[in-house]
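Colleague: I'm new to reading structures, so please take me slowly through one part of this one. I'd like to know what that part touches and how its pieces pack together.

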Amino acid sequence: MKKQLLFKAILALSAALILSAAWMVSQRSVKAAPPSESSITGTVKLEGTPPHQRPIDMSKEPSCAAVHKANPVTTENVVVGTDGGLKNVVVYLSEGWSGPETAVSSGPNWDQHGCQYIPHVMGLDVNQHFKVTNSDPTSHNIHPMPKPGGPNHEWNKSQPSGAPPIDTSWPAEEVAIHVKCNIHPWMSGYMVVVKGPYGVSDDSGSFKVEGVPPGNYTLTAWQETYGAQTQKVTVAAGKPATANFTFKAK
Amino acid sequence: MRTQMLKFAACALAVLAFAGISFAQVTEYQEEQNLGMEAHADHLTGHAKSAAMNYRRYCAGCHGVLGDGEGENAVWIDPKPRNFTLATFKCRSTPSGTLPTDEDLFNTIGRGLEASNMPSWNPLSSQQRIDLIAYVKHFSDRWKTEKPGPPIEIPTEPEVTADRIKAGQVVFQKLECWKCHGVEGRANGPSADTLTDDQNRPIKPFNFHDQTRFKCGSTDRDLYRIFMTGLDGTPMPSFADNVKPEEAWDLVFYLRTLQPMHTKEKEIAKQLGLKPINPNAPAPASAPAPQPQTNDTKPQ
């Protein structure tokens with residue numbers, strides 16, 4: 001009787017060992033390098049004369065006005081850099097992505113500095129965590145306004161100077177969520193929540209969408225004033241694809 | 001040829017009509033499902049189905065038959081009636097961005113909303129009111145997929161002291177309540193004129209000198225809850241992340257000194273000779289720690 005019990009215990013133990021070993025092996029294979037991922041690079045340009053950007057009067061918030069004393073700031077609805085490069089355009093895979101929703105692991109930061117949002121436009125994955133920080137000596141209220149009645153919900157939180165960061169995420173795709181501060185009505189920014197890899201264009205309008213497996217995709221570029229443009233892109237194994245976008249000034 | 005065309009048209013029409021009927025049936029079926037919504041508060045269970053008549057009679061005039069806030073009276077009303085299909089509510093005991101509890105909605109309908117066209121519905125029985133809450137909930141699917149947020153905890157109200165009122169004023173300055181509500185709470189802060197609600201309609205901050213009651217209640221606990229949870233859909237944010245319960249009570253006591261009616265707090269402030277804050281002075285680093293209760297500064 002005792003012997004049988006012992007035998008059973010050994011059997012159970014060995015089964016557990018085999019299972020755990022199998023689990024470890026399976027985890028390792030998941031962590032192994034993904035099959036020849038590639039990237040999509042390109043430039044976003046603006047054709048024509050960019051619309052006038054109004055200067056922002058921050059005299060009601062002297063601490064912020066002081067930050068911009070040397071370099072007065074304007075609205076950022078259309079930001080054109082060198083050679084007509086269009087900044088703050090989010091480029092993402094609107095069709096063809098079959099991987100996990102959250103492709104990017106490290107959470108970006110949404111800072112409030114000099115009564116402006118930095119970055120002005122932020123790309124995010126569904127459920128990707130991000131931090132909201134306040135580097136100003138004044139209070140802000142962070143008020144993201146997703147489409148009413150949609151799967152993402154509006155919230156509104158005060159963040160006084162020196163307050164700890166707010167860590168949060170968005171549960172669903174949305175292009176794009178307008179963020180404002182009611183205390184400083186000139187503050188405006190956008191969070192673009194997508195599934196899979198994305199890139200945001202820099203000062204020269206260049207972007208890079210990384211971690212794209214070979215395949216056929218629809219690539220969408222979204223700009224806050226001009227809306228979205230799409231094009232088909234084929235990505236081959238180990239060979240970066242190129243895609244350029246041109247928006248026309250209205 | 002002609003008859004063939006006619007036949008085809010008839011067929012197409014029949015198909016369309018059939019699709020229309022089946023679509024209507026689907027939505028009717030869905031409506032039937034939605035009307036299964038319940039609400040629970042005060043040991044009462046509300047059934048949406050039982051409230052259909054009362055909703056049409058008492059609520060639809062402003063909130064609309066479809067619950068979209070587009071009732072026939074809506075154009076004449078400011079602030080606008082709530083759009084129930086969006087499931088965003090001002091008066092909550094739950095964190096910003098979450099659904100209110102059934103009890104929150106039950107309290108709102110009983111109390112009415114100050115400075116708006118929403119009266120108190122206490123003349124209806126509590127069963128009728130909880131049924132109406134279930135009906136309000138049946139307009140949005142959000143109630144099927146989400147649970148209300150965890151209600152914030154409100155600790156027992158401490159004794160009001162002169163030190164607490166002074167500390168409350170420091171909190172008022174530190175949190176920059178005055179940016180909208182004004183240094184004296186007269187709704188004339190530098191940002192007051194620029195405020196808009198979530199539908200981009202102009203909205204005014206609360207004037208503490210104007211009203212004895214607040215949007216979401218009139219007690220000290222109501223006031224505590226209002227600034228801790230914020231009023232969703234308006235510029236009023238939640239302060240819960242950055243205000244400790246002690247500080248929150250201090251702020252409640254200070255806000256009471258601004259109101260038009262006689263309050264114990266106002267009396268103390270008068271004795272202290274409390275001056276309005278000076279927003280140009282550097283903001284204090286942090287509120288002084290709450291002092292142990294001293295009774296000598298209290299009025300007799």
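Modeller: Happy to! Let's stay with chain B and begin where it meets its neighbour: 23 residues of chain B are in contact with 20 residues of chain A, two residues being in contact if their C-beta atoms, placed from the backbone, lie within 7 Å. On the chain B side, these residues comprise eight nonpolar, nine polar and six charged ones. Here Ala, Val, Leu, Ile, Met, Phe, Trp, Tyr, Cys and Pro count as nonpolar, Asp, Glu, Lys and Arg as charged, and the others, Gly among them, as polar.

Before we go further, two reading notes. This is a predicted model, in which local features need pLDDT of at least 70 and side-chain atom pairs count only at pLDDT 80 or more, while totals for chains, interfaces and linings use all residues. Residues are numbered from 1 along each chain as its sequence is written, and chains are lettered from A and ligands numbered from 1 in the order in which they are written.

Now look inside chain B. It is assigned a domain 1 covering 38-145 and a domain 2 covering 162-272, with bounds from an automatic or database domain assignment. The C-alpha centres of these two domains of chain B are 26 Å apart. Where they touch, 16 residues of domain 1 of chain B are in contact with 19 residues of domain 2 of chain B. The domain 1 side of this contact in chain B has six nonpolar, five polar and five charged residues.

Next, find two helices: α3 (residues 102-111) and α4 (residues 126-137) of chain B, whose axes lie 9 Å apart at an angle of about 120°. Helices (H or I, at least four residues) and strands (E, at least two) are DSSP runs, numbered from the N terminus. Axes are lines fitted to C-alpha atoms, for helices over the stretch in contact, and angles run from 0 to 180 degrees between N-to-C directions. That angle is why α3(B) and α4(B) are oblique to each other (under 35 degrees counts as roughly parallel, over 145 as roughly antiparallel, 65 to 115 as roughly perpendicular and the rest as oblique).

The crossing of α3(B) over α4(B) is right-handed, the near helix being turned clockwise from the far one by less than a right angle; anticlockwise would be left-handed. From α3(B), Asp102(B), Leu105(B), Phe106(B), Ile109(B) and Gly110(B) take part, and they meet Arg129(B), Ile130(B), Leu132(B), Ile133(B) and Val136(B) of α4(B). Sorted by class, this contact has seven nonpolar, one polar and two charged residues.

Further along the chain comes another pair to compare by eye. Helix α8 (residues 220-229) and helix α9 (residues 245-256) of chain B cross at roughly 115°, and their axes come within 10 Å. α8(B) and α9(B) also make a right-handed crossing. Asp220(B), Leu223(B), Tyr224(B), Phe227(B) and Met228(B) of α8(B) face Ala248(B), Trp249(B), Leu251(B), Val252(B) and Leu255(B) of α9(B) in this contact. Nine of the residues between α8(B) and α9(B) are nonpolar, none is polar and one is charged.

One last stop is a backbone detail. Most residues other than glycine have a negative phi. Ala87(B), though not a glycine, has a positive phi of about 55°. You will find Ala87(B) in the loop between α2 (48-63) and α3 of chain B.
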